[in-house]
Amino acid sequence: MFRTWNGRGLRWILCGRKAVKGFCSMHAVPSPSAQLVEGVADAQIKLSTRRLSTSAGLRDGIQSLESSTRASPQIVEKKVIDLRSDTLTTPCQRMREAMFTADVGDDVYGEDPTINKLERIAAELFGKESALFVPTGTMGNSCAIASHCFRGDELICGNRSHIFNYEAGSASTLFGVSMHTIPNHDDGTFSVKDAIQAIRPDDPHFARTRLICVENTHNMCGGRVLPLSFLEDMKRVCKQHNLALHMDGARIANAAAALDIPVYEILSYVDTASICLSKGLGAPVGSILVGPCEFIQKARRVRKLLGGGMRQAGIIAAAGLVALQQNIHRVFIDNDNAKLLAQNLMGIKGICVSPETVETNIVLLSLEKPLDCKQFVKILEKYGVLAGLGYDSSVVRLVTHLKINKPDIEDVSKRIHFALREVLETATHAA
């Protein structure tokens, strides 16, 4: 039931799935059910709700609701269910209490005891020599790039990576490091052959290749988990060509939960990694950068350069401690809820979703033509569901997190059906 790891003075207990599920169920607060349809007989609603409780019976439940009324459903007293991102979580009571009572000092002088504790525990938990607390994941990646590379160097990353697409071009803008992109596969990996071919020869005409960056889980690829075999291949390539290997591990806890292994086992394949505390782990702010001691010393100077030298920041680091010591063990629940949502949506005509590709807490779906995703997202908001457009206008992204429970998933499934029916009716009238 329990797996333990003793490393450099830290005893880390990773709870088994059954134990954590039991704990979470005891502490779960059920959300109030909302009346979804006016004018539908109580017996019909009960029948539909019972059928909707299983993904296999979702289609039958939807058909029952459709046959009961053709009018647009009226939603009253609805709970807003926010699936736009796992960055939208707010601190739990334990975090707020830890922040209120945090022992603080000046971190620029290295005298904040709470930050020092967070960095020590993070380094041991993730199996690296040292760690650095930074305000954001983007700053963590920037510190890593600047510490691995010199101005005029080049890094290799996937063309759908967060570092390349969503970090304001900081590698080149701030540090003079060019980014050589290679095509990402749909599972977040890229070809080993492409990576090797992207390595520049030792020639004065070319930038020096210094670094390969991978992302796990992969955001734009729908939260896919990088296979350990791929990480092994990248580790071998980097060793053969004297390159560093960095992981953007913003959601690495979700990846570890999906593989049912400790995070440090995944990070053993890479030299350095950034881990976000404010996504699935629920902290209000902050990320951790881990790696060798000499690397972290360089990164600490870069953090200061970027304005990330905070003073009595133990107040926010205290929330990070709660995230690492308590919330990291429950993220498999978010993964399970995302899979359940995908299975439910698969039974709704007009929605295209592949449950087999939902490995962690991100669900990407599209609509059958000529339905419009932008319009669908707007109508969903009217039904109390906040969703985000994906990385193009033809994809909707739904992200589960610690504020979403299983009853919410069942509720969302029904609301999405009603919203889609409204989109269909609008499209029919427009035609």
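Begin by selecting isoleucine 351 in this predicted model, and then look across to leucine 367 of strand E12, which stands opposite isoleucine 351. Widening the selection to the two strands shows that E11 is joined to strand E12 (residues 362-367) by 2 bridges, and that the two run antiparallel.

Next, add the remaining strands of this sheet. In the open sheet, 4 strands follow the order E11-E12-E15-E14, with antiparallel pairing; its edges are strand E11 (351-352) and strand E14 (388-389), each of which pairs on one side only. As a general matter, strands of a sheet pair through backbone hydrogen bonds, in either a parallel or an antiparallel sense.

Now select residues 331-346, which form helix H15. This helix lies across E11, E12 and strand E15 (396-399), and runs at about 20 degrees to E12.

From here, move to strand E8 (244-248), together with strand E7 (residues 208-215), with which E8 pairs in the parallel sense over 5 bridges. To find one point of this pairing, select valine 214, whose bridge partner in E8 is methionine 247. Is E8 mostly covered or mostly uncovered? Strand E8 is mostly covered, since 5 of its 5 residues are buried. In a regular strand, side chains alternate between the two faces of the sheet. Colouring E8 by side displays Ala244, His246 and Asp248 on one face and Leu245 and Met247 on the other, and the residues of both faces are all buried.

Keep E8 selected and turn to the second largest pocket, which has a volume of about 540 Å³. Which residues of the lining are closest to the centre of this pocket? Of the 23 lining residues, they are His148, Leu243, Ala244, Leu245 and Asp271, and of these, Ala244 and Leu245 have already appeared on opposite faces of E8. To display more of the wall, add helix H6 (137-148), helix H10 (228-240) and helix H13 (293-305), which, like strand E8, each supply at least two residues of the lining. Colouring the lining by residue class then gives 11 nonpolar, 5 polar and 7 charged residues.

Finally, deselect everything and view the whole chain, in which there are 17 helices and 15 strands. Buried residues make up 55% of its 431 residues, and among contacts between residues at least 6 apart in sequence, 73% join residues at least 24 apart.

Notes:
Residues are numbered from 1 along each chain as its sequence is written. This is a predicted model: local features need pLDDT of at least 70, side-chain atom pairs count only at pLDDT 80 or more; totals for chains, interfaces and linings use all residues. Side-chain values use heavy atoms; hydrogens and water are left out. On a 1 Å grid over the protein atoms alone, a cavity is a set of points where a 1.4 Å probe fits but cannot get out, and a pocket is an open set with protein on both sides within 12 Å along at least five of seven lines; lining residues have an atom within 4 Å of a point. Grid points are joined across faces, edges and corners, and a volume is the space filled by probe spheres set on the points. Ala, Val, Leu, Ile, Met, Phe, Trp, Tyr, Cys and Pro count as nonpolar, Asp, Glu, Lys and Arg as charged, and the others, Gly among them, as polar. Two strands pair if DSSP finds at least two bridges between them. Contact means heavy atoms within 4.5 Å. Axes are lines fitted to C-alpha atoms, for helices over the stretch in contact, and angles run from 0 to 180 degrees between N-to-C directions. Buried means under 20% relative accessible area, exposed over 50%, partly exposed in between (1.4 Å probe, protein chains only).
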